[in-house]
Amino acid sequence: MIQFQQVSKSYPGGFDAIKNLSFEVPDGELVFLAGHSGAGKSTLLKLMAGIEKPSSGAVLLNGQNLARMSRASLPFVRRHIGLIFQDHKILYDRNVFDNVRLPLDIIGFDHMEGRRRVLAALDKVGLAGKEKLNPVSLSGGEQQRLCIARAVVHRPSILLADEPTANLDSDYAHDILELFKSFHQVGVTILISAHDESLMMDYGRRILRLKHGQFCA
Amino acid sequence: MKNWFRLHLLALTRTIGSLFRHPLGSLLNLLVIGITTALPLALWTLIMSVSQISDQVSVEPELSVFLRHSATAEDVKGLQATLKADARWLKVEFIPKANALAALQANLGASDLTAGLAENPLPDAFVLQAKENDPAGLEALKKELSSIVIIEEVQLDSDWAERLARITDLGRAIFEVLASLLALALVLITGNAIRMQILTRRDEIEVAKLIGATDSFIRRPFMHAALVQGLLGGGVAVLIVWGLVAYVNPTVIELASAYGQSVSLLAPDALTIVVVCLASAVLCLIGASLAVSRYLYQFR
Ligand SMILES: Nc1ncnc2c1ncn2[C@@H]1O[C@H](COP(=O)(O)OP(=O)(O)OP(=O)(O)O)[C@@H](O)[C@H]1O
Ligand SMILES: [Mg+2]
């Protein structure tokens, strides 16, 4: 369960990216997050992952206030979350396999079992056989899939995807959304942000519409 | 526990792997650490070698008694008898001037030394060793001997041993200052080297932190790198000093033998080597730890 209680976020310089938002996402729900560029989608997802701290209000994960959490315990909360960053944050100094492996290394996962997990995740997103490649040699869509594999390899209970379909044609975008649907079917709570609302319409899910940091109809 | 060990082992092999991936940079780093550590180690080696001489001497100090050239054979015999009868002396050895000259010639390897001389310039001498070796008592004995008419000069060889000990004390003081300064330098050097390594891995650290890495996960590879570099750097320092000792020892031995001494510089022993490598490793770890902590702090 993710809860926002009257959350506001203003960045240094006094700009209010999020204004007094309250909502809940129950466990296992798939929710879309729509809004224009600068509406605050990325900020909202970062607040959920504890990457940004709210200026006022509280963000609760399973009843725990992220802002009250000690610095030492935040990493362990993050391990229950799979993050897909808008700017990808792929590491180009290592191959596809090692990129996907990173979350397992962080957890201290068993070596052989970790290997199986990485290959399974790559297979799931359709990158089987490309584990030895350097990420630069992947297409935009493939890089997006790499990000998804890295976000799910440690089987998080929450998946936060920031514009995973950006810059993809609509067929490819639907492929990616189908992928998320399959994670949803195994019980993962998922938030997906996008500019393009038309893409979300077909899925009949809840859509949170952001405009200048506030919800609109 | 097993997992913890495995993680460290994995990170350690990666660290050693990355040393070989950047051979030039690693080598330069090791040399910097090695040279920094070699300086105090070399000084320490010198101090130990010198103090070994003065220790040797001050255990059984001897008095060298040189007689006047005017002393007759009877005078000498009489003095020898008196000294032998005196219970305060443990050892009384007479060295006729002819023997002294022969020894000098042998030492210097110059057989024609006396060729130009009309007579032997060296005096007859006694070498005495007292029963009691306390400095005040020796000084009193020296005074007493000096008052005998046929004795020209009395030299207490613990005098120069004492002087040597003073010099090594000074050396030790210099060593302490130098070692402290260079220890600080080593911390700063590795701190800076690790800071550079952190900067080249900034992206990786950022992503790792975002997806749930603890500070110790971030810290671990850098600490391993510092540990390996510190140990190897200490090894380089030992090699440098070994080379130095091997290089200057022939000269030292030659010089010492000209003074009738058998002295050589001591190469670092096993204990010293272990201490040096550990000290350099610990200092590198401190430097790395400071660099990582500082980075993690400003990352927040
Ligand atoms: N680190 C930051 N410092 C200052 N201002 C920021 C920062 N991050 C975001 N903002 C501002 O907050 C507002 C919301 O940004 P956010 O990235 O959440 O928008 P977004 O909906 O994700 O936009 P996009 O679709 O372009 O990614 C923007 O006006 C942006 O300029
Ligand atoms: Mg965004």
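Contact here means heavy atoms within 4.5 Å. The model is predicted, so local features need pLDDT of at least 70 and side-chain atom pairs count only at pLDDT 80 or more, whereas totals for chains, interfaces and linings use all residues. Residues are numbered from 1 along each chain as its sequence is written, chains are lettered from A and ligands numbered from 1 in the order in which they are written, and side-chain values use heavy atoms, with hydrogens and water left out.

**Exercise 1. Place S8(A) in its surroundings.**

Solution. Step one is the secondary structure: S8(A) belongs to strand β1 (residues 2–11) of chain A, where strands (E, at least two residues) and helices (H or I, at least four) are DSSP runs numbered from the N terminus. Step two is the list of partners. With neighbours within four places in sequence set aside, S8(A) is in contact with I18(A), K19(A), N20(A), P54(A), S55(A) and S56(A). Step three is a C-alpha distance: S8(A) and S22(A), 14 residues apart along the chain, have C-alpha atoms separated by 9.5 Å.

**Exercise 2. Describe the residues around ligand 1.**

Solution. Begin with the count: 14 residues surround ligand 1, and S37(A), K41(A), S42(A), T43(A) and Q86(A) come nearest; a residue is near if one of its heavy atoms lies within 4 Å of the molecule. Next, take individual atom pairs. A polar side-chain atom of S37(A) is 2.6 Å from an oxygen atom of ligand 1. For E163(A), a side-chain N or O atom lies 2.8 Å from an oxygen atom of the ligand. A39(A) takes part through a backbone N or O atom, 3.3 Å from an oxygen atom of ligand 1.

**Exercise 3. Characterise the interface of chain A and chain B.**

Solution. First, establish the extent: 21 residues of chain A are in contact with 18 residues of chain B. The buried area is about 1800 Å², and carbon and sulfur atoms give 60% of it; this is the accessible area (1.4 Å probe) that the two parts lose on being put together, summed over both. R71(A), K89(A) and I106(A) supply 32% of the area that chain A buries against chain B, more than any other three residues.

Second, count the polar interactions. There are three salt bridges between the chains, each a side-chain nitrogen of Lys or Arg within 4 Å of a carboxyl oxygen of Asp or Glu. One of them joins the side chains of R94(A) and E204(B) at 2.8 Å, N to O. Five residue pairs, both residues at pLDDT 80 or more, are in polar contact across the interface.

Third, assign the side of chain A that touches chain B to its elements. Helices α2 (74–78) and α3 (96–107) of chain A each supply at least two residues, and α3(A) gives the most, with four. By class, this side has 10 nonpolar, two polar and nine charged residues.

**Exercise 4. Locate the salt bridge of K89(A).**

Solution. The partner is E206(B), with the closest N and O atoms 3.0 Å apart. The pair crosses between chains: K89(A) is in the loop between β6 (81–84) and α3 of chain A, and E206(B) is in helix α7 (residues 202–210) of chain B.

**Exercise 5. Which residues are in contact with M223(B), leaving aside its neighbours within four places in sequence?**

Solution. First, M223(B) lies in helix α8 (residues 215–258) of chain B. Its partners beyond those neighbours are L285(B), A288(B) and S289(B). Finally, the C-alpha atoms of M223(B) and L12(B), 211 residues apart along the chain, are separated by 9.6 Å.

Notes:
A polar contact is a pair of N or O atoms within 3.5 Å; within protein, one must be able to donate a hydrogen and the other to accept it, and residues adjacent in sequence count only if both atoms are side-chain atoms. Ala, Val, Leu, Ile, Met, Phe, Trp, Tyr, Cys and Pro count as nonpolar, Asp, Glu, Lys and Arg as charged, and the others, Gly among them, as polar.
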